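Me: I have a structure open and would like to go through it step by step. Could you help me read it?

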Amino acid sequence: AQQHLGTFRRRLAPFPVRVEMLSRFVGKREQDRIVAANADGLVDILIGTHLILSKDIAFADLGLLVVDEEQRFGVGHKERIKSMRREVDVLTLSATPIPRTLHLSLVGIRDLSVIETPPEARLPILTRIAEDDDGLVRDAINRELDRGGQVFYVHNRVETIEAAAERVRRLVPRAKVAIGHGQMAEGMLERVMLDYDAGRFDVLVCTTIIESGLDIPNANTIVIARADTLGLAQLYQLRGRVGRSDRRAYAYLLHRRGQPLSSVARKRLHAIFSASDLGAGYQIALSDLEIRGAGNILGPEQHGFMAAVGFAPYTRMLADAAQAGHR
């Protein structure tokens, strides 16, 4: 949200447009001021985290809603968005739409546009799936530090994240290591992220808090511990935190040594390994739809009624119903 605020203000500087932001990094008094101004129609563009969906946020005349990183919003959030106003245009953005949303577009209930052309000079991220090994982690971090880059080390357990950071310090003593996770105090987390962005740390040991939107071009190696426990869209989004410049990037997806993978975890890792081309998010989303099912489009359940009638007849019935509704 902070990155978006900077971008919007920079691009709209010549115009009489007021842009504000709401997130937990904004102080309470400042939040109250922005919420009041928004309700009075004085704010033209309001950028924010899930905080925007709070019950006490009112809009004077909401015309366009842009949902970025749509996979981070559950069905409950979507229902809240719908209830904000009956007549509102919605633009949803995601590299990996959740199965339910993708299914809505496949049957024609929502329009879909796919951007498959990557930014200029981008290179595909080299992905490796392996058992967790000290030597592999040491080599991966050292290789990145030798070329002046930074590393993300993802360990998605807050209670043992200190031990994970200690492991990195032991393996690569020269690395300056920082820790970032969602249970840290706002000020401390903000300071860590800004310092990492400024290059004051070499390795950020973190949870999946970095999953969405983070743009640090100098970070081009990511090591994901226990990758078999993460979702497919999550893995794709995490991998997308590196390779955001013209440098070759590396992603290491590690699973526990000597422990067999479940069939679903194997399918996920195979899908992420296969879809290493730039702009492969759509294929990832289709694989996710295949593995998890489409969900019930009229309610919050993740299961649907497809299994009872088969995918093709269900899709046809749904498309017929959607067409009838449009008429």
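Reply: Certainly. Strand 7 and strand 8 (residues 203-206) are paired in the parallel sense, over 4 bridges. Please keep in mind that this is a predicted model.

Me: Which residue is the bridge partner of Val177 in strand 8?

Reply: Val177 has Val203 as its bridge partner in strand 8. Likewise, Ala178 is matched with Leu204 of strand 8.

Me: And how does the chain get from strand 7 to strand 8?

Reply: The chain passes through helix 7 (residues 186-197) on the way, and this β-α-β crossover is right-handed.

Me: Are the two faces of strand 7 covered or open?

Reply: Both faces of strand 7 (residues 177-180) are covered. Val177 and Ile179 lie on one side, Ala178 and Gly180 on the other, and all of these are buried.

Me: Which way do the residues of strand 8 point?

Reply: Val203 and Val205 point one way from strand 8, Leu204 and Cys206 point the other way, and all are buried. In general, side chains in a regular strand alternate between the two faces of the sheet.

Me: What else pairs with strand 8?

Reply: Strand 6 does, in the parallel sense and over 4 bridges. There, Phe152 stands opposite Leu204 of strand 8.

Me: Now the whole sheet, please. What is the order of its strands?

Reply: The sheet is open and has 6 strands in the order 5-10-9-6-8-7, with parallel pairing. Strand 5 (126-131) and strand 7 each have a single partner strand and stand at the edges, so one side of each is left without a neighbour in the sheet. From one strand to the next, the twist averages 20°.

Me: Moving on to helices. Which strands does helix 6 lie across?

Reply: Helix 6 lies across strand 6 (150-154), strand 7 and strand 8, and runs at about 160° to strand 7.

Me: How do helix 5 and helix 6 cross?

Reply: The axes of helix 5 (residues 134-146) and helix 6 (residues 161-171) come within 10 Å and cross at roughly 70°. Angles of 65 to 115 degrees count as roughly perpendicular, and helix 5 and helix 6 are therefore roughly perpendicular to each other.

Me: Which residues make that contact?

Reply: Helix 5 contributes Asp134, Val137, Arg138 and Ile141, while helix 6 contributes Arg167, Val168, Arg170 and Leu171. The residues of this contact comprise 4 nonpolar, no polar and 4 charged.

Me: A different topic: Leu254. Where is Leu254, and is Leu254 buried or exposed?

Reply: Leu254 belongs to strand 10 (residues 250-255). Its relative accessibility is 1%, so Leu254 counts as buried.

Me: What is Leu254 in contact with?

Reply: Leaving aside neighbours within four places in sequence, the contacts of Leu254 include Ala130, Leu136, Val137, Val223 and Arg226. In addition, the C-alpha atoms of Leu254 and Arg128 are separated by 8.3 Å, although these residues are 126 apart along the chain.

Me: You mentioned Arg226. What is the phi of Arg226?

Reply: Phi of Arg226 is near 50°, a positive value in a residue other than glycine. Most residues other than glycine have a negative phi. Arg226 sits in the loop between strand 9 (219-224) and helix 8 (232-239), and with a relative accessible area of 26% Arg226 is partly exposed.

Definitions and conventions
Residues numbered from 1 in each chain as written. Predicted model: local features only at pLDDT ≥ 70, side-chain atom pairs only at ≥ 80, totals over all residues. Heavy atoms only, no water. Buried < 20%, exposed > 50% of the residue type's maximum accessible area, 1.4 Å probe, protein only. Pairing = 2+ DSSP bridges. Right-handed = clockwise from strand over helix to strand, strands pointing away. Axes fitted to C-alpha atoms, helices over the stretch in contact; angles between N-to-C directions. Parallel < 35°, antiparallel > 145°, perpendicular 65-115°, else oblique. Contact = heavy atoms within 4.5 Å. Nonpolar A, V, L, I, M, F, W, Y, C, P; charged D, E, K, R; others polar.
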